[in-house]
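Student: I have a model open and plenty of labels to go with it, but I'd like to know what earns each one. Could we take them one at a time?

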Amino acid sequence: MIFDFLFPNRCLDCNQLIDKREIVCEICKDKIHFSHHRFSENNGLKEKASLLFPVENAFSLMLYEKESLAQKIIQQLKYNHREKIGKNIAEWTIEKLNFEDKKPDLIATVPLHPKKLKQRGYNQLHIFANELSKHFQIPISHSLLQRTKHSKAQAKKDQHERLKTKNAYQLTEKIRDKHLLLIDDVYTTGNTSSNIAWEIINNSDNVKVSLLVMAMDV
Ligand SMILES: [Zn+2]
């Protein structure tokens, strides 16, 4: 194909020519720091998240270090219109993730603010999460959560108004008796996951929240 000839697919790290379905070559893939978390057991992400909210289980695929390949991959996914990288990251997740007897029964993605969605043109989590939903046969919702306030608009408000609208995420429907898996790209401060988890816990009946991210800050 002419397109492949003009724009051959290259490894994100070493620039070597690679199969058009891949994002890095085999050698560079070996350089990625995978977390080797077990979803059903205690691990670094679960420990961190537990300080902020009651998290049932947690899994991070990679470690997000400065200048690392994991960082490069996620930046391409988010800021360089390479939405399909989500599929590659999902394949790696499927290779390494085993829910054992802790399989969640609903997946929800962290929503983008509508303004950001318009700028970017896509939510970087959708392809990734859809692949996991398909493989593990877990129903998914991209609209269970809604992003309500833009942080800039938030800053202009007086303190009273800010308190009223403290949570930037809202649950769009009440859920009950579920083990929900929340999906995000990078876990850094944990603010996003924590805000969402409390919103869910405070507005639902008997819902457990687990967390899955592409990478976690170390
Ligand atoms: Zn390479």
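Student: Which protein atoms are the donors of the zinc ion, and how do you know that they are donors?

Tutor: They are the SG atoms of Cys11, Cys14, Cys25 and Cys28, lying 2.3 Å from the zinc ion. A donor is an N, O or S atom within 2.8 Å of the metal (3.2 Å for Na, K and Ca), so these sulfurs qualify. Before we go on, this is a predicted model, in which local features need pLDDT of at least 70 and side-chain atom pairs pLDDT 80 or more, while totals for chains, interfaces and linings use all residues. Residues are numbered from 1 along each chain as its sequence is written, and side-chain values use heavy atoms, without hydrogens or water.

Student: What makes the arrangement around the zinc ion tetrahedral?

Tutor: The angles do. The four donor atoms subtend 101 to 119 degrees, and four donors count as tetrahedral if all angles lie between 85 and 135 degrees. The arrangement around the zinc ion is therefore tetrahedral. Along the chain, the donors follow the spacing C-x2-C-x10-C-x2-C. Cys14 and Cys25 both lie in the loop between helix H1 (2-6) and helix H2 (26-29), so this pair ties together parts that are eleven residues apart in sequence. Helices here are DSSP runs of H or I with at least four residues, and strands are runs of E with at least two, numbered from the N terminus.

Student: Are Cys14 and Cys25 buried or exposed, and how do you know?

Tutor: The cut-offs are under 20% relative accessible area for buried, over 50% for exposed and in between for partly exposed (1.4 Å probe, protein chains only). Cys25 has 7% and therefore counts as buried, whereas Cys14, with 38%, is partly exposed. Over the protein chain, 46% of the 218 residues count as buried.

Student: What does the side chain of Asn43 reach, and why is that called a polar contact?

Tutor: Two backbone atoms lie 2.9 Å from a polar atom of the Asn43 side chain: the nitrogen of Lys46 and the oxygen of Ala58. A polar contact is a pair of N or O atoms within 3.5 Å; within protein, one must be able to donate a hydrogen and the other to accept it, and residues adjacent in sequence count only if both atoms are side-chain atoms. Asn43 itself is found in the loop between H2 and helix H3 (44-50). At 7% relative accessibility, Asn43 is buried. Leaving aside neighbours within four places in sequence, Asn43 is in contact (heavy atoms within 4.5 Å) with His37, Arg38 and Ala58.

Student: And Ser50, where does that residue lie and what does its side chain reach?

Tutor: Ser50 lies in helix H3, and its side chain reaches the backbone oxygen of Lys46 at 2.6 Å. Its relative accessible area is 40%, so Ser50 is partly exposed. Ser50 and Ser194 are 144 residues apart in sequence, yet 9.5 Å apart in space, C-alpha to C-alpha.

Student: Why is H4 called largely enclosed?

Tutor: Because eight of its eleven residues are buried. They are Leu69, Ala70, Gln71, Ile73, Ile74, Gln76, Leu77 and Lys78. Their cover includes H2, strand S1 (55-64), H5, H6, S6 and S7. His81 follows H4, with a positive phi near 60 degrees.

Student: Which residues of helix H7 are buried?

Tutor: In H7 (residues 126-136), Phe128, Ala129, Glu131, Leu132, Ser133 and Phe136 are buried. They pack against helix H5 (85-96), strand S2 (106-109), strand S3 (140-141), S6 and strand S7 (205-217).

Student: What makes Gln137 and Asp177 stand out in their phi values?

Tutor: Both have positive phi without being glycine: Gln137 at about 55 degrees and Asp177 near 50 degrees. Gln137 lies in the loop between H7 and S3, and its relative accessible area of 65% makes it exposed. Asp177 lies in strand S6 and, at 49%, is partly exposed.

Student: How many helices and strands are there in the protein chain?

Tutor: Ten helices and seven strands. Among contacts between residues at least 6 apart in sequence, 73% join residues at least 24 apart.

Terms used
Tetrahedral: all angles 85-135°; square planar, octahedral: opposite > 155°, others 65-115°.
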